[in-house]
Each structure stands twice: as C-alpha cells, then as structure tokens.
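Here is a friendly walk through one protein model, written for someone who works at the bench. Please keep the sequence and the 3D view open while you read.

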Amino acid sequence: MQNNFTIYNSLSRQKEIFKPLNPPFAGIYVCGPTVYSNAHLGHARPAITFDLLYRYLLHLGYKVRYVRNITDVGHLENDADEGEDKIEKTARLEHLEPMEVVQNYMNTFHRNMDQLNTLKPSIEPRASGHIIEQQEFIKLLFEKGYAYEVNGSVYFDVLKYNQSFKYGKLSGRVLEELQSNTRELEGQEEKRNSFDFALWKKASPGHLMKWPSPWSEGYPGWHLECSTMSIKYLGEVFDIHGGGMDLQFPHHECEIAQSTGALGHESVRYWMHNNMITINGQKMARSLGNFITLDQLFNGDHPMLEQAYSPMTVRFFILQAHYRSTVDFSNEALQAAEKGLQRLFKGLETLEKLKPSGISTVDINDLRKKCYDAIDDDLNSPVLLSYLFEGVKYINQVNDGTEKLNAEDMDSLKNLFHTFVFDILGLNAGSESGRDEKLTGELMDIIISLRQDARVKKDFATSDKIRDELKKAGVILKDRKDGVEWEKE
Ligand code: ZN
C-alpha cells in the first residue's frame, strides 16, 4: 500500500497524506442524490469524482467500504426547514405515491451511474429505512442538551453547541453574520435562533411521508440521515466524507454539529468536496432553461445540445478537470473531449498491435512514476491524462519506428495503460460505449477475414464489394504487408 497519496481536506484546508484509521480498511461516505427528478449533469461530477477515489483506494490495496445514501424523505425546498418536501411535491405533480417517485428516479439514477461506469457503492442506505436510528440519534442529542422541542418539532440548538464546540469551521461561517443574514426568512418563530436546524418536523395536515415518534407524527430533518447512517455503517470515527461543494453549508456543517454534539468528538477525518459544473458559464437551473439531464446528454435530446455525447465522453470530460476546479459545459468543450478520448483509445488500439524492437529508447518507468505522482497528488486526473497522452505519443513513435521498446518495456507500458485507463480512470471497460467499441472490433475482424477468404479464392468481385460497401459506411480498409488495418473516415 502506497503511503504518499495525499488528499485535500476541506476542514484543515490543506493537503494531507491519507492515513486510514484502521488499515487496510478504509471507509468512505458520500452524500447521494435526493431522488425527486431525473439525474442531471450535476450528479455526474460527484459520482465520477468519488468513483475515482474509490477505484484508486481499491487499486492501492485497501479494503474499502463505500457508503452512498439515497435521500428519499425530509429534504425540504429551502434550507430554512420550510417549504414542501421535494419528493412529495413531485408525487403531487405527477399523481404518484411518494415511494413511486423515489423508485422511478432511483432506477434512472442507477442506470445513469452504470452508463458512466461508476462502481456500485458497498452500501446504499435510504433515509426512509433508518427512521428509528434517526429518532435514537435525536434522543442522544436531547441527553447531551443540544436538542429542544417546540410544538412537536425538534430543533438543534446551535448557540448551545457553539459554547462547547465551534460551529461553522467547515464553511467558515460566523454565527453573528448568519443571524443577521437569515433574520428576514419567514416561518422561523418556532426556532430559538434562525440558524438552528430541524432534527424532526411535525407533519402538517395532508403530509404523506410521516412516522410516529415521541414528539409528533412527522419526519426527520434532511441533515440527520447522513450523521446517523455514516456512523451506523462506518463507525463513530471514519475516514472520508465526500460530497459537492454546495453541500458544505448548511448540510455538512449541520452534520458535523450533530455528530460532534452526540459523540463529543468529530467523526470525519477527511472532508472532500468536488467543485460545481456550469453551463456556458452559467449556473445550471431549471429557470434558466439550461437544465440538462444525463439521459438528454446521452441521446442529444435538448435544445442546447448539438449532438449526443456518449457516457464515456462525459466521464472523460469531467476527468479532464481537477475535481476541485470548476468545469464549464459547452458543445465545443464536449466535442474536444470526444476527440481526446478517441485519441486515447486509438493509442490503446495501436499499443495492442505493437511489436517489440531492439533496445528501448523510451523510459517507461519514468512515465509510470509520473502517472502515480499525479494521482497521488490529490487525484490530479488532468495531469495524469497529460502523461497518458505522452504515452500515446511514444506508442505512435514506436509504431512509426522512430522510437524502440523491448518486450519487457512493452508489457510494462500495456500494464500501465490498462491500470490507469481502465481500472483507475474507469474509462471504456464494462461501459456501454466500451462494449460497442469491442463489438465493432470483433465484427471488423470477421468482415476482414471473410474478405481475405474471398481474395484467396480469387473472388475479387466479392472482396472489392466488401471494401466498397465498408467505404460507403465510412470505414476505410488499408492493405499492409502484415495484414489489413481499418479506420473510421
Ligand atoms: Zn448528506
């Protein structure tokens, strides 16, 4: 297991060498989706970021427990614990049971995640399946003196907590400022302070998703599920907690307060946050008409899209940026990513066909070291990709005969590419587009061998017909002395 993998800890605001609490075990908790609408571009980024982390920790030999929750209850429309439950709102609009809404959008989310070739989490707990655990957590907060009840709803006492622990250390928010900023929000008369947050909400008449509790028939506050389920499945102290930067406040700040309040100590050792995606420089929002779901992206069915983009193109595009940088989506940028990915796959294809020659003139060990240094540096995927493209350059040079590689180095280069491109970056293998590429290659092998058979029998009418028909379909055959190559026009 390598010991120089560093990750940026949002809490300490610096890069730290990753040292899990109980090696070889490593625990990751990532905030998953609230399943009330189709998965969109915004979901792709954390999914791919933490998939890269998960894959790399597995590659390093850790036994990883990767927990990603499904929020299926209690996420209200605004951060002040007011407004309708997001899932119930969709249920009302679509005339469905709330759990039908959850099932529909969870299915879509899982399908999209498979298309993006993300590995499935080890555990995917749902908030609605952990109501009792959440109530027990609230009881613990009552015992510690950080919870209070008003009219059947329970709130977290931030001021009280702040006397013993510092509230706001993840987001850098200061209580006094929070108080003045949020004073004008309505419906907060139940709370002692505007920055207090709900642990349990009493259900209003007509509310569908509700459970009995010692305080009222109601439902848990959104932040509570993540404190409860992360500790349940990963322990009172666990290694990594991830999510989008937009979750730092209030969601993760409140999680820290709940967990620390209940346990008397912090539960998370490394906080990791991915940056956001903008579209043509704008924030993504339904009201701006630039809200693109993953299905629309994959089939090109959106007014802003000039074409469909394969899931692997989207994955490659996201990996081209460091996870802490912003990413701006545009057709031009996606088309460039599509070309870049093709160049990488083409290099891999050439690599499989390379023949060793003489004494190596290229230093593969040096290239390997650079690749590991890049990924060890807080998952620096863009720098890693730049070294893989350096590798593609070598592959082409060896293919041209301008550089040489002996058999051992060639195996080492193949191993390097397979490890980084397939296993760690998760590009191609097992994905829909990857399977398509593989199938295309196999079909072309069959067609080329049929044409060779025809030529051996001097049936030139058939062999020419195959070549001409392929050309019409945009595939060019090239007769070489050691066989036939093909390429797309
Ligand atoms: Zn969460």
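Helices (H or I, at least four residues) and strands (E, at least two) are DSSP runs, numbered from the N terminus. With that in hand, Pro24 can be placed in the loop between β2 (14-17) and β3.

A word on the model itself. It is a predicted one, in which local features need pLDDT of at least 70 and side-chain atom pairs count only at pLDDT 80 or more, while totals for chains, interfaces and linings use all residues. Residues are numbered from 1 along each chain as its sequence is written, and side-chain values use heavy atoms, with hydrogens and water left out.

**Domains**

The domain bounds come from an automatic or database domain assignment. That assignment gives domain 1 (6-274), domain 2 (279-427) and domain 3 (430-488). Taken over C-alpha atoms, the centres of domain 1 and domain 3 are 53 Å apart.

**The zinc site and the cysteines**

Which residues coordinate the zinc ion? The donors are Cys31 (SG), Cys226 (SG) and His251 (NE2), at 2.0 to 2.1 Å. Here donors are N, O and S atoms within 2.8 Å of the metal (3.2 Å for Na, K and Ca); water is not among the atoms, so sites may look incomplete. Along the sequence, the donor residues follow the spacing C-x194-C-x24-H. Cys31 sits in the loop between β3 (25-30) and α1 (41-59) and Cys226 in helix α7, so this pair ties together parts that are 195 residues apart in sequence.

Both Cys31 and Cys226 are buried. Buried means under 20% relative accessible area, exposed over 50%, and partly exposed in between (1.4 Å probe, protein chains only). For Cys31 the relative accessible area is 11%.

If you are wondering about disulfides, the structure holds zero of them; a disulfide is a pair of cysteine sulfur atoms within 2.5 Å. Why does Cys254 not form a bond with Cys226? The closest cysteine sulfur to that of Cys254 is in Cys226, and at 11 Å it is too far for a bond. Cys254 is also buried, at 2% relative accessibility.

**Gly221, just before α7**

Gly221 is found in the loop between β8 (218-220) and α7 (222-234). Gly221 is buried, with a relative accessible area of 6%. Leaving aside neighbours within four places in sequence, Gly221 is in contact (heavy atoms within 4.5 Å) with Gly74, Gln134, Ala198, Leu199 and Trp200. Arg45 is 176 residues from Gly221 along the chain, and their C-alpha atoms are separated by 25 Å.

**Two helices that pack together**

Helix α14 (residues 407-424) has 18 residues, which at 1.5 Å a residue should span 26 Å; its end C-alpha atoms are 24 Å apart, which agrees. The expected span of a helix is 1.5 Å times one less than its number of residues. Helix α13 has 20 residues and reaches 28 Å from its first C-alpha to its last, close to the 28 Å expected.

The buried residues of α14, among them Leu413, Phe417 and Phe420, pack against α1, α11 (331-353), α12 (364-376) and α13 (381-400). Those of α13, including Leu384, Phe389 and Tyr394, pack against α1, α10 (311-319), α11, α12 and α14.

At the start of α14, a side-chain oxygen of Asn406 comes within 3.2 Å of the backbone nitrogen of Glu408. After α14 comes Gly426, with a positive phi near 65°, and after α13 comes Gly401, with a positive phi near 90°.

**Backbone exceptions**

Most residues other than glycine have a negative phi, and most peptide bonds are trans. The following places depart from that pattern.

| Place | Feature | Value |
|---|---|---|
| Pro23 and Pro24 | cis peptide bond | omega about 10° |
| Phe249 and Pro250 | cis peptide bond | omega about 0° |
| Arg13 | positive phi | near 60° |
| Asp378 | positive phi | about 55° |

Pro250 lies in helix α8 (residues 248-263). Arg13 lies in the loop between β1 (6-9) and β2, and Asp378 in the loop between α12 and α13. Are Arg13 and Asp378 buried or partly exposed? Arg13 counts as partly exposed at 43% relative accessibility, whereas Asp378 counts as buried at 0%.

Definitions and conventions
Polar contact = N/O pair within 3.5 Å; in protein donor to acceptor, adjacent residues only side chain to side chain.
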